Amino acid sequence: MVFENVIDRKKTNSMKWDFTAERYGSSDLWPMWVADMDFQAPRHVLDEMQKIVDHGVFGYHRRPESLQEATLAWIEKRFNWKVEKEQLAFTPGVVPAISHLIQTFTEKGDGVIIQPPVYYPFYALIDNNERKMMKNPLKETDEGFTFDLENLEEQMKQGAKMLLLCSPHNPIGRVWEKEELQGVAALCKQYGVFVVSDEIHADLILEGTHTPFSTIAKEHGVETMTCMAPSKTFNLAALSLSYVVFDQVDSRKAYEKHLADEFVEINNPFATAAAEAAYREGEEWLEELLVYLRGNVEYVKDYVESNMPDLHVIKPQGTYLIWIDMRALGLSATEQQNWLREEGRLAVSDGHIFGTEGAGFIRINVACPRANVEEGLQRLYKAYQAL
């Protein structure tokens, strides 16, 4: 199987493999942190990019309508969501897209709600744009994590303007149920809050069905701006291509005017070719990837439960990221960091970077050959034995 092939990414300027020392202080740590994959992109994608290399001219490029058509067809097929071309705006990555959405549709001092533990750039996006951060921590129940609708309403009562939704949720791995999303939408309608929904992992569903928040929000008259991309799905993050689906065409026009005013362009021929090829020809590859990822998740869960009973694997319903509960070890955030790096020689995403609510957890990336997962778990077990 193609996903079993171990590809050496060292000395390729890989953030994950070549800059671990910069982030964690040592170059000999086993990296399980950055949310990209150690798999090659689909063959069709590589072939289309090779055609551009062979042509050899890399002048100014205009994005073709065929990319838009392929994107809309993908969205409709994967999510049964009919989107019109007038709703679509291409952007240079989901994080920059969210930043520009905040700048376009809110003012300095406006309240923006996040639901931690959550993708850590959300914090910087709010702070750097001088908005007021408002937190609605996820509620931990016997069945897992869910929205705290009571507290969410309290945040909205205090004048929040925007909600940043992470769906599927990073780092928890939840694929939100329709009923959960309906509860959020009802509150947004009641208090006039619009939603920016980060759905970059929407294609990576391991269990259940992804429901675009926009399809729920429309029933309640709530405006949603949905951020998506082929980057996580097909391992194309370095090409910096994403898009926003707008419910309102006027909002899309206002957003594109803001991008034009900021001279934000996203017309890269490699990104165009890769994204279009992925959406037109990549579905079979994706389905095989999902089978492989499910196998890696099960392997991690079985290994940890069998060998490290004090740790609890929160099985992800979506994404290729696994949230592991280590609170039973009783370590502080600093103690946990030092233990993992010194005893396990591991570079993982420490839970506290996703918010104080993530303290005592770690996030690991299993979008890699099984051999790499095994190496990481063996190191974790070695550290566990040293406690």
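In this predicted model, V300 makes contacts with residues beyond its neighbours within four places in sequence, and these partners are V313, I322, I364, V366, V373 and L377. V300 also belongs to the largest nonpolar core, a set of 70 residues. Together with L289, L311, M326, I364 and L380, V300 is among the members that touch the most other members of this core. I364 thus appears twice, as a contact partner of V300 and as one of the residues with the most neighbours in the core. Helix α13, which spans residues 283-307, contributes ten residues to this core, the largest share.

Open spaces were examined next. The largest pocket encloses about 1100 Å³ of space. Its lining consists of 42 residues, and those closest to the pocket centre are A35, D36, L236, A237 and A238. Three helices, α3 (43-55), α5 (94-105) and α10 (231-234), each provide at least two lining residues. Of these, α5 gives the largest share, with three residues. By class, the lining of the largest pocket comprises 24 nonpolar, eleven polar and seven charged residues.

The second largest pocket has a volume of about 460 Å³. A total of 20 residues line this pocket, with R63, A89, F90, E256 and N267 nearest its centre. At least two lining residues come from each of α4 (65-79), β2 (88-91) and α11 (249-261). A89 and F90, two of the residues nearest the centre, fall within the range of β2 (88-91), while E256 falls within that of α11 (249-261). The lining of the second largest pocket divides into nine nonpolar, three polar and eight charged residues.

Enclosed spaces were considered separately. The count comes to five cavities of 30 Å³ or more. The largest cavity has a volume of about 40 Å³. The residues that line this cavity are P230, S231, L236, L239, L241, A271, A274 and A275. Helix α12 (residues 269-281) supplies three of these lining residues, the largest share. Seven residues of the lining are nonpolar and one is polar, and no charged residue is present. L236 takes part in the lining of the largest cavity and is also listed among the residues closest to the centre of the largest pocket. S231, another residue of the cavity lining, lies in the range of α10 (231-234), a helix that supplies at least two residues to the lining of the largest pocket.

Key
Residues numbered from 1 in each chain as written. Predicted model: local features only at pLDDT ≥ 70, side-chain atom pairs only at ≥ 80, totals over all residues. Heavy atoms only, no water. 1 Å grid on protein atoms, 1.4 Å probe; cavity = no way out; pocket = protein on both sides within 12 Å on 5 of 7 lines; lining within 4 Å. Points joined across faces, edges and corners; volume = space filled by probe spheres on them. Helix = DSSP H or I, 4+ residues; strand = E, 2+ residues; numbered from the N terminus. Nonpolar A, V, L, I, M, F, W, Y, C, P; charged D, E, K, R; others polar. Core = buried A, V, L, I, M, F, W, Y, C linked by side-chain atoms within 4.5 Å. Buried < 20%, exposed > 50% of the residue type's maximum accessible area, 1.4 Å probe, protein only. Contact = heavy atoms within 4.5 Å.
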